[in-house]
Amino acid sequence: MDYESAAGNKSRLVPLKTTLEVETRDRVINVYVNAIPVKQASNALSIIRRLIPNDGGLDLQHLRRFVKYDDAPPHVRASISETRSLVTPGPENETPKELIFIAGSVDSISKESLIEGLSSISNPVCICSIQVPLLAPTSHEQAAFWTSRYWPTVYKKSNPFGPHPSIVSRAEEDINEDVEKWMALADGAAQEARATGSGEDIGVVIVTRKNGIARPVAIAGDARWLDWPHSSRGNVAAHATLRAIAMVADGLRARDEDQQGVSDITIPADTGIFRDQPRMPTEQCRSPIDDDGYLCHDLEIYCTHEPCVMCSMAIVHSRFGRVVFRRRMPSTGGLCSDGELGHGLFWRKELNWTLLAWHWSSGTDSIGTCGVESDLHA
Amino acid sequence: MGDDSPLTSKSPPPPSTPPPVSIPKSASQCMTPSEISTHVQFMREALSMADLALQTSETPVGCVFVHRGRIIGRGMNATNRTRNGTRHAEFLALDEIMRARDGKKPRYAPETLRECDLYVTVEPCIMCASLLRQVGIRKVFFGAANEKFGGTGGVLSIHVGNGRKAGDGVEGVEVEGGEEWERWHRDDYEVSGGWLREEAIVLLRRFYVQENDRAPEPRSKKDRVLKLEVEPMGEEGKMGDGSAS
Ligand SMILES: [Zn+2]
Ligand SMILES: [Zn+2]
Ligand SMILES: [Zn+2]
């Protein structure tokens, strides 16, 4: 199953984008830019502050206000020199030390009043309109892409549309230590499910991490075909994620029975739809549950495949802190915001719980779903 | 529930007029009185499951699965008892159905669910809406809408195309009934909300009062007052607090 890691391909954690990030990431606005002599920069800014107070209510903090002519993207330089040749026909006469600066959005001022206002510092005024990203970038990569495509853009290590980048990178330090180990365990459960015919090639591992020490508290393979007719599409309640969550709940009940002497909790055996008991050798994992545990609060879950919508929401209901999966399920997965469904359930402001989510990507496995059909619900 | 419950202190309506029952606006226009009374009757059964949940300190959400006019499974929320945040009423009812035996043989095949209708007191959450889609439910009747977690219109619309957003230019190539359309819509199910929603909401409110009283540090007196007025219904019933459905 793990031919990718066997081949020595280094996998890495790719944080999932939230629905808001995906929806807003390509939004652009048109702004006027103008070329001015370097020494006029502060004059230009004070003129603009008078003409367009507060930038017309627009937040432009993520954009460089002034850019050296030579550092501006080629298409911006081209627009400026084209405008210049229209305004002053004849040979190029650009001054060597020039800046291009953002005056304001095209909605905040008319071109005529802008030209009039700036005529005292540059003559002739060479204004043109370009596209810039409306909102702040949420990663270095995005900032670099926007810088080359639109205009020099600054990444300020913040993300108004999702978890704060510093929280994400701190979590990644933890997870990078042992993600390979947990994924190997999940793979083992998946292979066993497949080999015994009890389920699809899907597995999950639930991990608790306290004071820097991580240990597994539940391991489950898919069991949709266990005591279930093959004429159907399988037992939906026996998806690996739901089974693993139920195993944690079993541990919590055992703990509470010990603590309070409660023993009147009778849970029906696995004859209906639930497959809560560990079955396979790899599923035997009886680490004690923390004394203060509530549901799966702040636990981590590692999945061989992106969970389906049901299982993704089960993860939210159970209040996990982190989820990592190996293979994307573009047409059925509930976690990603940029798949075909686009639900991004790990981080939606309407829901009462948000968690951190990563695709553990080896770069080569993003396309194939490995061992399962692409329209299967993991 | 004690006798001091504000519900019982309300005087019953005069016997000549039937008790006022909230049903969706659309139902009164396109259903016969006998159809309506059948749905109301099944929803009452779901409500009695929710009431049972309340008595055992579970969020009062209940449901029944109906197959060919007969209830074949009942469920109530059990997240507290099981310490499992996924044990919603819908799962418990499905478990009961698939556990039923005639001798040693299962009484119902999984395909039976494709001919079932669900009556649930609160709109199914996103998780349960996906469960229902994957088991192939035929139709869902619910009481109060679930603005926080609802999966059949509240937050997402999993019952239509698995909640995938239309548009993005893909809709054009998807001819209704075509292969691509079929891929997304073959498991779609019908949904009708607002059936006995007031009763469903009153149960939820009683639960929050009860749980606040149980807490070691009771919240302010104001929070504990049982609000029985229910805001008038919009298109569907609306209830913000139904987390465990
Ligand atoms: Zn594999
Ligand atoms: Zn699943
Ligand atoms: Zn639910």
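How many disulfides does the structure hold over all chains?

1. The structure holds 0 disulfides over all chains, where a disulfide is taken to be a pair of cysteine sulfur atoms within 2.5 Å. This is a predicted model, in which local features need pLDDT of at least 70 and side-chain atom pairs count only at pLDDT 80 or more, while totals for chains, interfaces and linings use all residues. Residues are numbered from 1 along each chain as its sequence is written, chains are lettered from A and ligands numbered from 1 in the order in which they are written, and side-chain values use heavy atoms, with hydrogens and water left out.

2. Two cysteines of chain A illustrate the point about disulfides. The sulfur of Cys285(A) has its closest cysteine sulfur in Cys296(A), at 13 Å, which is too far for a bond; Cys285(A) is buried at 9% relative accessibility, buried meaning under 20% relative accessible area, with exposed over 50% and partly exposed in between (1.4 Å probe, protein chains only). For Cys336(A), the closest cysteine sulfur belongs to Cys303(A) and lies 12 Å away, again too far for a bond, and Cys336(A) is likewise buried, at 2% relative accessibility.

3. The zinc ion (ligand 2) has as its protein donors His239(A) through ND1, Cys308(A) through SG, Cys311(A) through SG and Ala378(A) through O, at 2.1 to 2.4 Å. Donors here are N, O and S atoms within 2.8 Å of the metal (3.2 Å for Na, K and Ca), and because water is not among the atoms, sites may look incomplete. The angles among the 4 donor atoms run from 93 to 123 degrees, and the site is tetrahedral, a label given to four donors if all angles lie between 85 and 135 degrees.

4. Along the sequence, the donor residues of this zinc ion follow the spacing H-x68-C-x2-C-x66-A. Cys308(A) sits in the loop between strand E8 (300–305) and helix H9 (309–317) of chain A, whereas Ala378(A) belongs to the segment after strand E10 (356–361), so the pair ties together parts that are 70 residues apart in sequence; helices (H or I, at least four residues) and strands (E, at least two) are DSSP runs, numbered from the N terminus. Cys308(A) is buried, with a relative accessible area of 0%, and Ala378(A) is buried too, at 5%.

5. Over all chains there are 29 salt bridges, each being a side-chain nitrogen of Lys or Arg within 4 Å of a carboxyl oxygen of Asp or Glu. One of them joins Arg224(A) to Asp222(A), at 3.0 Å from N to O, and both of these residues are buried. Another joins Glu283(A) to Arg243(A), at 2.9 Å from N to O; this pair links distant parts of the chain, with Glu283(A) in the loop between helix H8 (240–260) and E8 and Arg243(A) in helix H8, 40 residues apart. Glu283(A) is buried at 2% relative accessibility, as is Arg243(A) at 2%.

6. A further salt bridge involves Asp256(A) and Arg83(B), whose closest N and O atoms are 2.4 Å apart. This pair crosses between chains, from helix H8 of chain A to the loop between helix H4 (79–82) and helix H5 (89–99) of chain B, and Asp256(A) is buried, with a relative accessible area of 5%. Within chain A, Asp174(A), Asp178(A), Arg209(A), Glu300(A) and Arg322(A) are linked in a network of salt bridges.

7. Chain A is divided into domain 1 (2–18 + 165–361) and domain 2 (29–149), with bounds that come from an automatic or database domain assignment. The centres of the two domains, taken over C-alpha atoms, are separated by 51 Å.

Notes:
Four donors count as tetrahedral if all angles lie between 85 and 135 degrees; four count as square planar and six as octahedral if opposite donors are over 155 degrees apart and all others between 65 and 115; anything else is irregular.
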